[in-house]
Amino acid sequence: MGNDFTLLLPEALVAVLAILVLTADFFTPSERKHWLGYGAAAALLGILAFTLPFLWGRDTVLYDGVIRVDDYALFFKGFFLVLGIVAILSSVEYVRRRLNHAGEFYGILLFTVVAAMFLASSGELLTAYISLELLSFSLYVLVAADRYNDRSNEAGTKYILLGALSSAFLLYGISQVYGHLGTTTFEGISAALASAGDLSPGLFVGMVLIIAGLGFKVAAVPFHMWAPDVYEGAPTPITAYLAVGSKAAAFALIIRLFAEGFIPAAEEWRLIIVVLAAVTMVFGNLIAIAQSNIKRLLAYSSIGHAGYLLMGIAALAAVGSNGELALDRSHLVTNAIMLHLVAYGVTNMAAFLVVSTVCTGSGDESISSFSGLSRRSPGTAMVMAAALFSLAGLPIFAGFTSKFYLFTATASQGLLWLAGLAILMSLVSLYYYLMVIRQTYIEPGDDGAVVSVPRLTFGVLAVLFVALVLVGVYPAPVMEFIQSASEALFTTEFALSVR
């Protein structure tokens with residue numbers, strides 16, 4: 001166990017890039033500030049090309065378990081770098097039209113990528129907390145980036161107030177866990193729980209508070225109250241990044257924490273996660289039906305998808321009738337969760353980029369603003385329909401493949417009824433997605449109101465469309481990467497003994 005600082009080069013390079021972009025903003029003429037976005041995206045692509053071969057196959061820890069460098073962390077680092085590239089390119093037109101200081105926007109967005117990368121590598125609770133706070137504070141600023149827009153300011157205020165409350169829950173929960181177990185590393189927590197037997201009331205309260213704090217970050221019911229208002233008020237490109245990046249980063253932490261740290265106490269926390277997943281799926285999908293604003297509809301859709309992912313967390317371990325844990329199929333579950341994060345990320349970024357393209361010019365974010373889109377912009381309408389079908393889980397799209405894996409893995413762990421509920425809620429979600437598609441293809445619109453799609457936006461939409469179809473019909477390359485990432489989990493002494 002050594003401290004090879006070069007293993008943190010990817011995070012360091014992204015942090016340096018963020019500082020360079022912030023500095024370059026002072027010296028770049030206003031009419032050329034959009035080049036900061038192009039430069040940042042190109043630099044992230046270079047960092048991605050360096051990171052994958054540099055960290056491939058590494059399996060080590062830094063600072064006595066504080067930072068984990070393995071294929072699991074590498075998978076999410078690659079995912080966040082790609083997501084950062086897509087988010088920046090998707091934001092260029094919005095930033096050029098609406099914001100005066102492009103460097104601030106891109107620089108802060110890059111800091112969220114750094115925070116997300118550290119979250120994926122965190123092997124200790126306080127490190128994870130600091131990374132989560134860096135991510136959250138950056139997102140607070142980005143949500144309120146349109147400073148002359150009252151809705152953006154309101155969204156930023158609500159987000160930071162409720163975010164501070166969730167951070168308090170999380171930090172107090174960490175203090176309870178440390179006070180009872182004497183450690184905050186995930187492996188140390190696992191070893192202490194395996195030898196402790198029954199949980200003490202204080203330790204159980206600590207776990208519940210951690211679950212509540214993380215539940216806010218992924219917008220799980222009843223900690224979802226911030227999501228619809230923040231999604232609606234934030235700049236649309238940031239809404240997309242918030243829906244995908246924040247959720248993926250939080251789940252990168254949740255998967256590792258529960259798989260490596262809390263797994264010996266699965267019998268105690270599993271029911272809590274099951275209830276959270278069920279309530280979140282039902283509430284998110286049912287309330288989405290009543291929405292008339294497209295961003296609020298996608299916000300409740302995002303809440304529903306958080307329920308599907310939490311269902312996977314509940315299925316990490318199968319609990320027998322005698323209380324014994326079985327982890328022999330846990331790899332199937334982690335594979336399914338990560339694949340669904342990829343599919344959800346690609347699909348949601350495509351959907352929100354279409355929303356940004358259609359709604360930014362008109363300022364109308366109602367579902368009716370999509371009326372006649374198939375005649376005004378056939379390519380954009382096709383991408384939107386594909387994205388909505390993917391979110392609903394229809395074949396040939398990425399959402400179908402990922403939901404099939406996730407629901408099957410959940411059922412195999414003894415939660416057949418929960419998988420059935422998820423299938424039912426997916427059918428419910430198809431109704432409100434079809435409301436948007438009906439406006440797009442059936443309802444007459446103003447044929448003269450042509451939607452202008454810049455070349456860059458069209459290129460990004462084309463890549464996302466190809467990705468959401470390719471992952472749906474041929475997920476093997478992605479699954480191979482995910483499989484190697486999944487094998488890095490369940491390496492604790494407890495998990496090995498159970499297997």
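This briefing covers the pockets, cavities, surface patch and unusual backbone geometry of one structure. The model is predicted: local features need pLDDT of at least 70, side-chain atom pairs count only at pLDDT 80 or more, and totals for chains, interfaces and linings use all residues. Residues are numbered from 1 along each chain as its sequence is written, and side-chain values use heavy atoms, with hydrogens and water left out. Helices (H or I, at least four residues) and strands (E, at least two) are DSSP runs, numbered from the N terminus.

**Largest pocket**

- The largest pocket has a volume of about 810 Å³. A pocket is an open set of points on a 1 Å grid over the protein atoms alone, with protein on both sides within 12 Å along at least five of seven lines; lining residues have an atom within 4 Å of a point.
- Of its 28 lining residues, Val 82, Leu 83, Val 86, Val 346 and Ala 467 are the closest to the centre.
- Two or more lining residues come from each of helix H2 (34-55), helix H3 (71-98), helix H13 (330-362), H18 and helix H19 (476-486).
- H3 supplies the largest share, eight residues.
- The lining of the largest pocket divides into 25 nonpolar, three polar and no charged residues. Here Ala, Val, Leu, Ile, Met, Phe, Trp, Tyr, Cys and Pro count as nonpolar, Asp, Glu, Lys and Arg as charged, and the others, Gly among them, as polar.

**Cavities**

- The whole structure holds three cavities of 30 Å³ or more. In a cavity, a 1.4 Å probe fits but cannot get out. Grid points are joined across faces, edges and corners, and a volume is the space filled by probe spheres set on the points.
- The largest cavity contains about 70 Å³ of space. Helix H8 (201-217), helix H10 (236-261), helix H11 (266-288) and helix H12 (294-314) each give two or more residues to its lining.
- H8 gives the most to that lining, with three residues. By class, the lining of the largest cavity has nine nonpolar, one polar and no charged residues.
- The second largest cavity has a volume of about 50 Å³. Helix H5 (125-143), helix H6 (150-181), H8 and H10 each give two or more residues to its lining.
- H5 provides the largest share there, four residues. The lining of the second largest cavity has 10 nonpolar, no polar and no charged residues.
- Leu 214 is among the residues that line the largest cavity, and Leu 214 is also among those that line the second largest.

**Backbone geometry**

- Most residues other than glycine have a negative phi, and most peptide bonds are trans.
- The peptide bond from Val 221 to Pro 222 is cis, with omega near 10°. Pro 222 sits in the loop between H8 and helix H9 (227-233).
- Ala 219 lies in the loop between H8 and H9. Its phi is positive, near 60°. Ala 219 is buried (under 20% relative accessible area, 1.4 Å probe, protein chains only), at 0%.
- Asp 64, between strand E1 (60-62) and strand E2 (67-69), has a positive phi near 55°. Asp 64 is exposed (over 50%), at 64% relative accessibility.
- The peptide bond from Pro 395 to Ile 396 is cis too, with omega near -15°. Ile 396 lies in the loop between helix H15 (378-392) and helix H16 (398-412).
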